[in-house]
Amino acid sequence: MSAAPNRRPFDVGRAAYLTLNALLLAFLLLPIAIVLVFALNPTPYISFPPVGVSLRWFEKFFGSAEFMNALWLSLWVASVVLVLSIVIGAACALALARGNLPGRAVMTAFFMSPLMVPAILTGLALFQAYLLSGIGRPVWGLIAAHTLVAVPYVIRTTLAVLHNFDRRIEEAAAVLGASPTRVFFEVTLPLIRPGVFAGGVFAFIVSFDQFPVSLFLVVPKGETLPVVLFNYMKFDLDGAIAAASMVSILLALSVVLVLERLIGLKAYVKL
Amino acid sequence: MTNAARPTPIAWLIAPAGLLFVLFFVLPFAVMTAMSFYSGNPVTNPNAFLTTRHYERFIFDTAGIFHEALWSTLRIGLITTVISLLIGYPLAHWMARMQSRLGHALVLMAVIAPMLTGIVVRTFAWMTILQDKGVINTTLMQWGLIEKPLPLMYNEFGTIVALVHIYVPFMVLTLTGVIGRIDERLEQAARSLGAGRLRAFVEVTLPLSLPGILAGSLLVFALSISAYVTPSLMGGTDVLTLPMLIAQQVGTSFNPNFAGALGVILLLVSLAIVVAYNRILARLAGGQGMA
């Protein structure tokens, strides 16, 4: 609240503090910027400094059947996960917030737990379960696995919105004669929509960038983009990876902007 | 109002999520635990028997790699946590004390943006920076500061650098919330009583943010001991962690039973951390829910 009572001409401590923080921000952001440099650099291997600008790596990425199949599979899986996790997650959040369920706190913690358990173990456990039940490794198994780790995000953003809005709005509608169903569809649902939608966008990213859960659940020739990139990187480090990375980063950045517009980033800070 | 203990019809909406979690979360982990006590696949192989030999194999470690893998997993996790704390604290403090809302939003976005970039992509970024022909080595050689490339990658050092970069945002976000809740006037009071800025920070703000430090550290530790992509790409043949061992058992050795036992061990370690983390957060929030 106080308006900086100690303004001095030059403050060494303050300058050092700001410089340190600027350096730390650079540490966070520069590696991502460097990927762009390599995506545009035409040399056949990763080399520094860059010698020019070309789109050959983007051409290689978009021209390779292996990368394209993986990209489409990832987009397809992420889209289905988006829809499933919105429906399942929003319903679950409503039940937790409005269902008068006993043991609410424990249940909420339970539905958040896929975020707490190491993701590679979730993948391993599902792999074992699919192996034992003999269903193999179908795409729907992968989608179910991604949905499991994406749903908590939707629950979290929806709960955040549900906690923030005034319950008396719903009660007012009921007092004015609206049936519970009508209150739900005409008051509650429109109010939670931003939270649900933002959680869904987050779910999309979680699925699209998912690696540890996918690792044991994909079949050869049916691998998602992160898995293909990982396998490629074990042997080759060229600009195609950088171009692929740029495509994912641009996707993520646009998502950040959409999120900020929708409900502000505050809802994600509650870790 | 109705009896608070009776669920409303809306409670039924929990069913789809409940079904998903039972079928694809509870059951698989039960299967994994059961598999870790079998000699083979009990469904396809009628001769599979109950055994504790996978755990014995880990405990007695005649090959001499399992204890080392567990130890390097914990060591990498610990170093990553300490460095993330040292890097994350100033950023979190800056964000929590920032007056300008626009500035706050921009820094927040800068912290969150890397989180929305996939782990594989961020690891790739560090490979281009740290490899022999990478950004740092080429630059240093061009300036004539070094003769041959420094070994920055395919070792524990490179692994930790990339892990820190990946998990610092989690530390910052946990700490910012805690530091933001500390009343700034406490620090101002200490200063008006004659304490220097540094002393006011060390004796007032730092002790009050201790729960946040603990919570953030546990989170980063839990995340980094279960990392797979970064150690296997950045570590080369130098680094072998528990998650890498698990992937090896599934992929190359095809021993899902032993992989299950390793999984149970890693799960127990991380569950212990998560329980501690939740305790601290619950105490912080004064009984507020996890969400």
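What is the mean pLDDT of chain A, and what percentage of its residues reach 70 or more? In this predicted model, chain A has a mean pLDDT (the predictor's confidence in each residue, from 0 to 100) of 85, with 91% of its residues at 70 or more. Local features need pLDDT of at least 70 and side-chain atom pairs count only at pLDDT 80 or more, whereas totals for chains, interfaces and linings use all residues. Residues are numbered from 1 along each chain as its sequence is written, and chains are lettered from A and ligands numbered from 1 in the order in which they are written.

Among the elements of chain A, the highest mean pLDDT, 94, belongs to helix α5 (residues 119-133) and the lowest, 52, to helix α12 (residues 266-269). Helices here are DSSP runs of H or I with at least four residues, numbered from the N terminus. Helix α3 of chain A (residues 65-98) comprises 34 residues and spans 48 Å from its first C-alpha to its last, close to the 50 Å expected at 1.5 Å a residue; the expected span is 1.5 Å times one less than the number of residues. N100(A), just after α3(A), adopts a positive phi of about 55°.

The contact between the chains draws 77 residues from chain A and 78 residues from chain B, two residues being in contact if their C-beta atoms, placed from the backbone, lie within 7 Å. On the side of chain B that touches chain A, helix α1 (residues 15-35) of chain B supplies the largest share, 12 residues. By class, this side of chain B has 58 nonpolar, 16 polar and 4 charged residues (Ala, Val, Leu, Ile, Met, Phe, Trp, Tyr, Cys and Pro count as nonpolar, Asp, Glu, Lys and Arg as charged, and the others, Gly among them, as polar).

Across the chains, the axes of helix α6 (residues 139-164) of chain A and α1(B) come within 10 Å and cross at roughly 120°. Axes are lines fitted to C-alpha atoms, for helices over the stretch in contact, and angles run from 0 to 180 degrees between N-to-C directions. The two helices, α6(A) and α1(B), are therefore oblique to each other (angles under 35 degrees count as roughly parallel, over 145 as roughly antiparallel, 65 to 115 as roughly perpendicular and the rest as oblique). A144(A), A145(A), T147(A), L148(A) and V151(A) of α6(A) meet A17(B), L20(B), F24(B) and F25(B) of α1(B); these residues divide into 8 nonpolar, 1 polar and no charged.
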